[in-house]
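Biologist: Please take one part of this model and go through it closely. I would like a single connected account rather than a list.

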Amino acid sequence: MQSRIKEFQKKITSGAALITDPSNIAYLTGFTGSNGTILLTNKVAHFFTDARYTRVAKKVVPKNVEVHIVSSFKQISDVAQKLRIKTISFEAHNVSVARLDYLKKGLKPIKLQPSIIHVETLRMVKSEEELKYLIKSQRINEQVFKVVTKNLRSGKTEQQVAWEIEKTGRELGADGISFEPIVGFGSNSGSPHHMNTTKKLKKGDMVLIDMGMSYKGYASDMTRTCFTQKPTPKQANIYNIVLEAQEAAIQKLKAGMKGSAADKISRDIITKAGYGELFGHSLGHGIGLQVHEAPNLSTGYDKPLPLGTVVTVEPGIYLENSFGVRIEDMVIIRRNKADNITKIPKKIENLILSVS
């Protein structure tokens, strides 16, 4: 954590930076409580919280960061004025209009300006420890998937399966879920971000499950499309198109490739097959402390993928009111390849579930 603070401080050339985003605070200090603020210059670092977190803050916040237990924002202003700070950059993405007004009043007469420094840029490249946590998160995710799909029965509702995912994850060592699971039975699989319902599973339904766990704060994300009987020729054809599109992208992913170029690999395959208009979302996204973070694999992301980042690869085809297919894995971007850290099989024969 100390090295992360120092690395970020190098990017502060003048004034100071105010960090309020909880994920960025966790990344820089290890603190995950509900009330935390970091004030940084290129030389000093100060952390502020309230009396509820006195012991926690003093235990987890790095030694090169001074901890302050405060009861009002004016005390942060007092520290800033003692440091003779005239301008503070704030995280515009994390500050509402109302919050900004509060900050301006609390930090007066210090000038506030939207941040041009992003902790998220540092977060894209994962350390070996972070990779270890991400892999462990995904291993728990896979264990949960195996338990939940083994226990699928006709008559279970989407909401019941979603709850089983969360409950089983905690039993197997997860902090919790990294997002609300998506469970789509039958025609509901044709909705990319379906909201779980009381629809009951019946023999013959396709089952789309998009799920993720959190382990030591790090997220996993995986989607599998399963069958409860031998798929029809149309279902099998669309499934194999999506699988081809996903594997083609994974095989070509590497450090330095633009996110838009990766998206194009999968999109071209799906478009050539005649289903381009039915692939309505991006190919993937970065993942770490948040389930969605930079970088992105999308048509508009023309930045190169950094060495050591972790992204999802998740093409899909969705036939409204019929069925949908999405296949999603997590991969580590290496120098000349991508390492797939998702181990649940993807061939159709491995995803035909025994459902009575």
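Modeller: The model is predicted. I will take strand β3 and its neighbours, then turn to the core and the pocket.

β3 covers residues 45-49, and five of its five residues are buried. Its side chains point two ways: A45, F47 and T49 go one way and H46 and F48 the other, with all of them buried. On one pairing, β3 meets strand β2 (residues 37-40) in the antiparallel sense over four bridges. A hairpin of four residues joins β2 to β3, and within this pairing I38 has F47 as its bridge partner. β3 also pairs with strand β4 (residues 66-69), here in parallel and again through four bridges. F47 takes part in this pairing too, with V67 as its bridge partner in β4.

As for the nonpolar interior, the largest core has 89 residues, and F8, L28, L40, I165 and L253 touch the most other members. Helix α9 (residues 233-252) gives the most to this core, with ten residues. Apart from this core lies another of 17 residues, including I76, A80, I88 and V95. Leaving out residues up to four places away in sequence, L253 touches A262, L297, L305, V313, V331, I333, K337 and A338.

Last, the largest pocket has a volume of about 400 Å³. It is lined by 17 residues, of which A26, T32, K216, G217 and L289 are the closest to its centre. By class, the lining has eight nonpolar, five polar and four charged residues. Helices α2 (22-29) and α7 (128-150) each supply at least two lining residues, and α2 gives the most, with four.

Methods. Residues are numbered from 1 along each chain as its sequence is written. This is a predicted model: local features need pLDDT of at least 70, side-chain atom pairs count only at pLDDT 80 or more; totals for chains, interfaces and linings use all residues. Side-chain values use heavy atoms; hydrogens and water are left out. On a 1 Å grid over the protein atoms alone, a cavity is a set of points where a 1.4 Å probe fits but cannot get out, and a pocket is an open set with protein on both sides within 12 Å along at least five of seven lines; lining residues have an atom within 4 Å of a point. Grid points are joined across faces, edges and corners, and a volume is the space filled by probe spheres set on the points. Ala, Val, Leu, Ile, Met, Phe, Trp, Tyr, Cys and Pro count as nonpolar, Asp, Glu, Lys and Arg as charged, and the others, Gly among them, as polar. A nonpolar core is a set of buried Ala, Val, Leu, Ile, Met, Phe, Trp, Tyr and Cys residues joined through side-chain atoms within 4.5 Å. Buried means under 20% relative accessible area, exposed over 50%, partly exposed in between (1.4 Å probe, protein chains only). Contact means heavy atoms within 4.5 Å. Two strands pair if DSSP finds at least two bridges between them.
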